[in-house]
Amino acid sequence: MDQSKIRNFCIVAHIDHGKSTLADRIIEQTGLLTSREMQAQILDNMDLERERGITIKAQTVRIVYQAKDGNEYIFNLIDTPGHVDFNYEVSRALAACDGAILVVDAAQGIEAQTLANVYLALDHDLDVFPVINKIDLPSAEPERVKNEIEDVIGIEAQDAPLISAKNGIGIEDVLEAIVEKIPAPGGSPDNPLQALIFDSVYDSYKGVIVFCRIKEGRVKKGTKIKMMATGATAEVVEVGYFGAGQFIPCDELAAGMVGYLTASIKNVKDTAVGDTVTDLENPCKEPLPGYKKVNSMVYCGMYPADGAKYPDLRDALEKLKLNDASLNYEPETSIALGFGFRCGFLGLLHLEIIQERLEREYNLDLVTTAPGVIYRVYKTNGEMTELTNPSNLPDPSEIDYMEEPVVSAEIMVTTEFIGPIMQLCQERRGRYVSTEYIEASRALLKYELPLNEIIYDFFDALKSRSRGYASFDYELKGYEQSKLVKLDILINHEEVDALSFIVHADSAYERGRKMCEKLKEEIPRHLFEIPIQAAVGGKIIARETVKAMRKDVLAKCYGGDITRKKKLLEKQKEGKKRMRQVGSVEIPQSAFMSVLKLDDD
Amino acid sequence: MRELSIYIHIPFCVRKCLYCDFLSAPADSGRIESYVNLLLQEIKKQAVFYGDHRVVSIFLGGGTPSLLPAADMGRILAQIRSGYSVAEDAEITVECNPGTVTEDKLKNYITHGINRLSIGLQSTDDGELARIGRIHSYGDFLETYRLAREAGFGNINVDLMAGLPGQGMDSYRRTLERVTALSPEHISAYSLILEEGTPLYGNQSAYQFPDEDEDREMYELTGRYLAEAGYSRYEISNYAREGFACRHNKVYWRRGDYAGFGLGASSMVKNVRWKNPAKHGDYAAYVENMGRQPGRQPDADVAAGTEAVWVSRMEQAGADEVQRLTTAEQMEEFMFLGLRLTEGVDPEEFQRMFGKSMEEVYGKTIAAFERRGLLTRKEGRLALTLRGIDVSNVVFASFLF
């Protein structure tokens, strides 16, 4: 393979600016696929991804392009996840590329994620060229957007292809631009093997399939390899490249190529994204830069609604983990919910995806507790513990102080909404950093925000207070000391461990009150009165009461229609099954997520 | 011989009341006539199935059955008498609404052997009546009641409702006073239930309903007041003077055999339940096809039909929701239907019927409700307490497996 005829690239864009659609068109027009093979969006092959219109796991495809210069080029299009939860995966996928296509919506222009992704690409020394998409929209302003790209990002945009990925307009220009503007890969096949892992999937026959970019050297069947960070070793069974939706074996992968290898590896833990693969017998001197261990940012408890399904949940998590090294879990027990798992995720979206997959693919009915971040608890005896489950908070007398994670956030917003957005950040204990005007009508607000203030509904609040115009990106900044307390909920005088959460002392009263109100709505009336109380450190700070059920009686069974009445009773009985019994009170499963909905109004 | 009760559904009314979700609608005389003809056919064709039954009660319900010409009523009852064995003392009830019967019609009813009249009054407050869309006034009721007594009816039920929009304790008490002053033999007093799909349900914010506490106070007042006036509660919503409990009503709760004829009517015979089709066209086809199915059992076998025979018979005929009750389902029904009766359920009968003790099957549930004061033992039987009646759905639901 002539290295000069290879182009390794990705597409970066703000969500909804048309990344996946452009990828589809590129694949179509390079002619390796018939229309029949085309799924609606080839790169997003998980159902969930299609439904949400986002890419969760990077997929990659090798295609062949017959360029106008008469040569045949190999394109490796590396897809990148499109959500801030997966920033590290994005960075590793970018590191596998030599260039990037920047897609910008001709009507909306640059958004927060556009910037975040472009800067990420530039940080990885990628050659970036822009294309202006959706030029067929009536509101398209390609000239304005070109200027914006030049002004804000500082890359040449005047000759950017004007396209409509949806309608197949201008795709040829994009393909030619890939050949011209994206550099051929460097590296030498004669150097010791140095390959970057940018993704992996688990296959029950082949074991882990490692997606990698060969930076130096070569790898083929029989090569003994070593993962430099995890230290795992294995013997390569198969190498190949990515067809559309299938793995196509080949003899060898050499410097500059993108492909996969299998080596009967049993666990994705051994093939961490960002790790360097080298030849065990002829290793490279240094691993590739940029590897880091991915840490969970958000934790929650997951319990089977039916306690007997605990082993099923364990098996399902095990299977998901085979494919998702960033999912962490360990068993825990709750007095209210029984046996379950404390699970760690990259972010709330990641959490929701796992939850939905467990429910859909594994048919599990789950009770999920409110997600929280990892707090650092410094004890008076000098120890520090990381707290992922509020119930494990040590006695206040043992706590010296606590720290919470803080993020640096960038919010892109049209100037008319600066006021409401600043107010929102203020409410969420944000610390103002700066305002930068992108152009007369748009600004980039920078704030430092506690992570626990943004994991639930910050994004929704942002959208609603800016009528959808604000966009948002963040990265972890570090830990800061904070005045935190544990808010406990007592139902019928019994503390319900699964409802406890950590909150800033200043908002404890407000949150406690709202939580009680919310639970009052959620908990159905019982035969007796049920007090709902919020407490901090044993002191009650709010109370609501679910009144006793006064009346629940059937009307007449007219003309002996017993079946209809029985159906009503059955419905009542079914409803009861979806409840968790805590003491003598039945709590609906949804109540355990109540804390997420406190800001609905 | 097994006892049989017959229910006949007349799905016609002058105008639909705002709270009504029963199968009923206004109709012209042509429509009524063709419906009566279908009913007669159905009764006739089915007679062969009930050779080993003796009819102990007949109930013509609706709708407003009194809209039928008296002659039609006579034809229906004659059809039953010609094909079925009807007990000499059978209770034969017709439902009527005030203002829909004349002196002649009522006398005709007596001639046809109808011996019980159920009058839908609901309230003696004309404002309350108008708000729920009733077609009559309190005055109309008084007139109908007088005519019925004059015609010779010695067993009259009056239907009442509590929890009506704009109804207060005072007006409800007045209704009880006025009605008991007339001394009907039987009083049914229901709480208004807002059923989905009714105009009252859809428009509930426009009305002022008594709250739950008032509703329960009304219920308690009903029991107290009627007891003083000589009526005892024999079922959650039914009160009667000594010897006048409605035989037909009790059949449903005691799980006796009953055959329902007419549109959408429900039946249960030998622990098989089914429903007639609820659409006119389907019902007509059902009646027409009845008895034309190939491979029918010889009549003699059919008459002595087992449960399995009933299932295949009704399925072949095209009935809806044909269901042979399992032992578990029979136990559930035994409890949640039987407990509607003030006398409650008899553990010995349970044992006889199912070969298992009630204690063994439901002991834990019963004990829990006894502790909470919702169930109580009365002379060896198990019954709801007053508080248990208030929340009877909770109790009943827990007897489902």
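In this predicted model, A:Arg342 and A:Glu332 form a salt bridge whose closest N and O atoms lie 3.1 Å apart. A:Arg342 belongs to strand β18 (residues 338-345) of chain A and A:Glu332 to strand β17 (residues 328-334) of chain A, so the pair ties together parts that are 10 residues apart in sequence. Both partners fall under the 20% limit for burial: A:Arg342 is buried at 6% relative accessibility, and A:Glu332 is buried with a relative accessible area of 12%.

A second pair crosses from one chain to another. The side chains of A:Arg525 and B:Glu212 meet in a salt bridge with an N to O distance of 2.6 Å. Here A:Arg525 sits in the loop between α12 (508-522) and β30 (530-536) of chain A, while B:Glu212 is part of helix α8 (residues 212-228) of chain B, and the pair therefore joins two chains. As for exposure, A:Arg525 is partly exposed, its relative accessible area being 33%, and B:Glu212 also counts as partly exposed, at 29%.

A further salt bridge links the side chains of A:Asp315 and A:Arg314, with 3.9 Å from N to O. This distance can be set beside the cut-off, which asks for a nitrogen within 4 Å of a carboxyl oxygen. A:Asp315 is partly exposed at a relative accessible area of 34%, and A:Arg314 is likewise partly exposed, with 34% relative accessibility.

Beyond these pairs, a network of salt bridges links A:Arg550 and A:Lys551 with B:Asp213, B:Asp215, B:Arg216, B:Glu220 and B:Asp390. Over all chains, a search of the whole structure finds 64 salt bridges. In general, side chains of opposite charge can pair when their charged atoms come close.

Turning to chain A as a whole, its secondary structure comprises 13 helices and 33 strands. The C-alpha trace of chain A spans about 85 × 70 × 60 Å along its principal axes. A compact globule of 601 residues would have a radius of gyration near 25 Å, and the 27 Å found for chain A agrees with this. Of the 601 residues in chain A, 57% are buried. Among the contacts in chain A with a separation of 6 or more, 68% come from residues 24 or more positions apart.

The surface and charge of chain A complete the picture. Its accessible surface amounts to about 25,100 Å², and carbon and sulfur atoms account for 47% of that area. Chain A carries 72 positive and 95 negative charges, and the mean positions of the two sets are 7 Å apart.

Methods
Residues numbered from 1 in each chain as written. Chains lettered and ligands numbered in written order. Predicted model: local features only at pLDDT ≥ 70, side-chain atom pairs only at ≥ 80, totals over all residues. Heavy atoms only, no water. Buried < 20%, exposed > 50% of the residue type's maximum accessible area, 1.4 Å probe, protein only. Helix = DSSP H or I, 4+ residues; strand = E, 2+ residues; numbered from the N terminus. Rg over C-alpha atoms; globule rule 2.2 N^0.38 Å. Contact = heavy atoms within 4.5 Å. Areas by Shrake-Rupley, 256 points an atom, 1.4 Å probe, with all protein chains shown as cover. Lys, Arg positive; Asp, Glu negative; His and termini not counted. Charge placed at Lys NZ, Arg CZ, Asp CG, Glu CD.
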